[in-house]
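Trainee: Could you take me through one part of this model closely? I would like to look at the nonpolar core and the elements around it.

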Amino acid sequence: MREFLDSEGGTWVATVRSEERLDYKGRHHLFFHPEGADGQGVELLDVKWNSQDTAERTLATMSGVELRKRLRSALGRGPA
């Protein structure tokens with residue numbers, strides 16, 4: 001889980017969501033939500049990982065610029 005500021009100064013949280021299925025490939029994906037609104041957010045299904053550990057490690061190394069870029073992409077595809 002990573003907190004970051006969007007381009008307007010609002011606080012967002014980037015986290016990993018997982019789907020339970022038999023095939024492990026791409027089971028975990030990126031999810032954004034405004035701070036304090038855990039259940040309301042947008043998912044970005046283009047960013048997928050095979051394991052929770054890899055997802056968390058990658059998320060921990062993403063820059064604020066990268067997170068803002070991914071958030072803009074996710075918001076452009078669906079409701080927040």
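Mentor: Happy to! Keep in mind that this is a predicted model. The largest nonpolar core has 16 residues, and those touching the most other members are F4, A14, L30, F32, L59 and L67. Two or more residues each come from β2 (11-18), β3 (28-34), β4 (42-49), α1 (52-61) and α2 (64-77). Among these contributors, β4 gives the largest share, with four residues.

L67 is a good place to zoom in. Leaving aside residues up to four places away in sequence, L67 is in contact with R2, F4, A14, F32, L59 and M62. Of these partners, F4, A14, F32 and L59 also appear among the core members with the most contacts to other members.

Now for the sheet. Four strands form an open sheet in the order β1-β2-β3-β4, and their pairing is antiparallel. At the edges sit β1 (2-5) and β4, each paired on one side only. On average, neighbouring strands in this sheet are turned by 30° against each other, direction ignored. In general, the strands of a sheet pair through backbone hydrogen bonds, in either a parallel or an antiparallel way. Here, β2 and β3 are joined by seven bridges in the antiparallel sense. For one bridge to find on screen, look at T15, whose partner in β3 is F31.

Finally, bring in the helix α1. It lies across β1, β2, β3 and β4, and runs at about 160° to β2. α1 is also one of the elements giving two or more residues to the core.

Definitions and conventions. Residues numbered from 1 in each chain as written. Predicted model: local features only at pLDDT ≥ 70, side-chain atom pairs only at ≥ 80, totals over all residues. Heavy atoms only, no water. Core = buried A, V, L, I, M, F, W, Y, C linked by side-chain atoms within 4.5 Å. Buried < 20%, exposed > 50% of the residue type's maximum accessible area, 1.4 Å probe, protein only. Contact = heavy atoms within 4.5 Å. Pairing = 2+ DSSP bridges. Axes fitted to C-alpha atoms, helices over the stretch in contact; angles between N-to-C directions.
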